[in-house]
Amino acid sequence: VNSSVVPEFAVTGSEGLLVHFTTVNALRARSTLQIAIPSAFRVGSIYLEGLSFEHADCFERNNPPNNTASPVPLAMPPFAPANMNVSVNRTISEHHLVSITMPALVRATNVFMNVRGIRNPLWRGESGSFQLTIRDPEMMVVDRDLNVSSVYIRQGELASASVSVDHSVAGDMIALSVKFTSLNNVVPANGFVEITLPPSFYACPCILIDTSGFEGAEPVSCAQVGCQSGNEIRPDFVEIFSNGGSRLNRGNLTYTAVDSNGTFIRLRAQEIMSGRIELQLRNIRSQNFSGPSGTLQIRTRTASGQLIDENLAVPGYTLLTAGRGYIKNTKVTVMDPTAGRRGRMLVEFVPYNPLPPEAMIALVLPRGFQVSANSSVAQPLGNSPSDSDYYVQEYDNAVAMDGQLEVQVHGDVLVTVSRRGSSVPT
């Protein structure tokens with residue numbers, strides 16, 4: 001009765017089971033405790049690290065009538081846990097059966113033990129129920145509990161996770177190096193490593209997959225700026241330290257899928273990986289504005305998609321502005337070149353990065369010019385004016401810039417033009 005079997009730490013891959021029960025009947029010396037452990041647990045070389053007893057008679061003799069004090073432990077029996085016989089002698093249906101030889105115990109004895117050499121399941125979820133059976137030396141059942149409660153196993157944490165890039169300019173195509181350590185678990189063969197990029201990043205090409213399973217139907221490409229043919233994402237290994245130092249060949253991970261936003265990457269492991277893992281992802285487009293990138297997320301999963309470990313707050317890095325020379329084909333045309341005349345000015349350029357929604361463009365005119373406080377901007381419909389009437393202009397492609405342009409005058413020669421109400425980069 002009062003049976004429980006719980007992991008010392010209810011985290012994937014952690015070692016140790018804490019077993020507690022109260023005997024209903026007295027036990028003879030050399031009786032056997034059998035613990036049926038769900039088969040998802042990994043059983044290795046088993047031994048007892050801790051063993052203690054408490055007895056109800058001891059409690060009653062050493063406490064006042066209201067029984068408010070704590071029970072007094074019985075003295076340790078004349079044997080050491082190391083001398084006890086602990087074995088895994090067979091596997092029953094959906095369980096490992098662990099047998100432990102017990103000493104003589106009186107009835108109503110509380111037994112506590114820490115069984116080492118047993119690791120939690122590799123994946124997150126319910127462990128499945130345990131079973132406890134005590135048999136006398138003739139293997140007849142003395143006590144039994146066949147439905148010891150299941151335990152929920154949490155995912156583990158990927159330690160020492162970090163990222164670095166070969167280019168830190170906003171909008172660059174980059175090679176992203178990802179490093180992390182799996183402390184207690186392996187990434188099994190055909191398992192997955194998943195990387196979620198910050199929202200303003202994307203990998204090429206973007207692909208939609210069937211959400212009903214990992215092996216989807218035909219992928220559907222989506223259009224993203226910079227995702228031209230030949231820019232497909234390529235996973236390469238820098239090196240992987242598995243089982244204490246072996247280096248796996250490049251190509252151990254294969255690219256599987258990217259979601260429609262381009263921020264979610266799934267890679268499939270071709271063989272077991274463990275320990276310190278380092279990999280590199282090429283042809284990823286960084287965010288198109290300078291400043292902090294935001295955090296990344298890394299998860300590992302089994303071949304069937306069950307979560308093993310994760311780190312949801314991997315620090316990013318700071319992106320730099322594109323700098324001088326990255327705005328191309330700049331051209332300024334004064335529509336009426338007569339000195340002192342007020343008129344219109346046409347500004348043309350090709351930005352290094354697309355103009356995001358709510359983008360701002362700053363224009364600084366030469367000294368001697370003066371921008372009227374009530375100046376406005378003509379709303380262009382495209383990026384290649386075909387005539388001087390640039391209230392209505394044309395794109396040289398099929399996409400128009402949405403939203404409105406709003407002018408704010410900051411002085412005689414400084415003006416900013418901001419996008420308002422736009423929804424897509426241009």
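1. In this predicted model, 10 bridges connect strand 4 (residues 42-55) with strand 7, and the two strands run antiparallel. One pair that helps to place them is Arg 42, which stands opposite Arg 119 in strand 7.

2. Strand 7 covers residues 109-119, and eight of its 11 residues are buried, so the strand is mostly covered by the buried cut-off of under 20% relative accessible area. Strand 2 (residues 15-22) also pairs with strand 7, in the antiparallel sense and over seven bridges. Here Leu 17 faces Val 115 in strand 7.

3. Strand 2 has a further partner in strand 1: four bridges join them, and the sense is antiparallel. Ser 4, for example, has His 20 in strand 2 as its bridge partner.

4. These pairings belong to an open sheet of four strands, in the order 1-2-7-4, with antiparallel pairing. Strand 1 and strand 4 are the edge strands, each pairing on one side only. From one strand to the next, the twist averages 20 degrees.

5. Which residue forms a salt bridge with Arg 116 at 2.4 Å, N to O? The partner is Glu 8, and the contact is between the two side chains. The pair links distant parts of the chain: Arg 116 is in strand 7, Glu 8 is in the loop between strand 1 (4-7) and strand 2, and 108 residues separate them.

6. The two ends of that salt bridge differ in cover. Arg 116 has a relative accessible area of 10% and is therefore buried, the cut-off being under 20%. Glu 8, at 31% relative accessibility, counts as partly exposed because this value falls between the limits of 20% and 50%.

7. A second salt bridge joins the side chains of Glu 310 and Arg 299, at 3.6 Å, N to O. Glu 310 lies in strand 25 (residues 307-314) and Arg 299 in strand 24 (residues 296-301), so the salt bridge ties together parts that are 11 residues apart in sequence. Glu 310 is buried, with a relative accessible area of 13%. Arg 299 also counts as buried, at 17% relative accessibility.

8. Asp 336 and Arg 341 supply another case, their side chains meeting in a salt bridge at 3.5 Å, N to O. Is Arg 341 buried or exposed? Arg 341 is exposed, with a relative accessible area of 52%, while Asp 336 counts as partly exposed at 23% relative accessibility. Elsewhere, salt bridges that share partners bring Glu 8, Glu 15 and Arg 116 into one network.

9. In total, the structure holds seven salt bridges. Among them are the Arg 116 to Glu 8 pair, the Glu 310 to Arg 299 pair and the Asp 336 to Arg 341 pair.

10. Some figures describe the chain as a whole. It has one helix and 31 strands. Of its 426 residues, 42% are buried. Among contacts in the chain with a separation of 6 or more, 68% are between residues 24 or more positions apart. The accessible surface of the chain comes to about 22,300 Å², and 51% of that surface belongs to carbon and sulfur atoms.

Definitions and conventions. Residues numbered from 1 in each chain as written. Predicted model: local features only at pLDDT ≥ 70, side-chain atom pairs only at ≥ 80, totals over all residues. Heavy atoms only, no water. Buried < 20%, exposed > 50% of the residue type's maximum accessible area, 1.4 Å probe, protein only. Pairing = 2+ DSSP bridges. Salt bridge = Lys/Arg side-chain N within 4 Å of Asp/Glu carboxyl O. Axes fitted to C-alpha atoms, helices over the stretch in contact; angles between N-to-C directions. Contact = heavy atoms within 4.5 Å. Areas by Shrake-Rupley, 256 points an atom, 1.4 Å probe, with all protein chains shown as cover.
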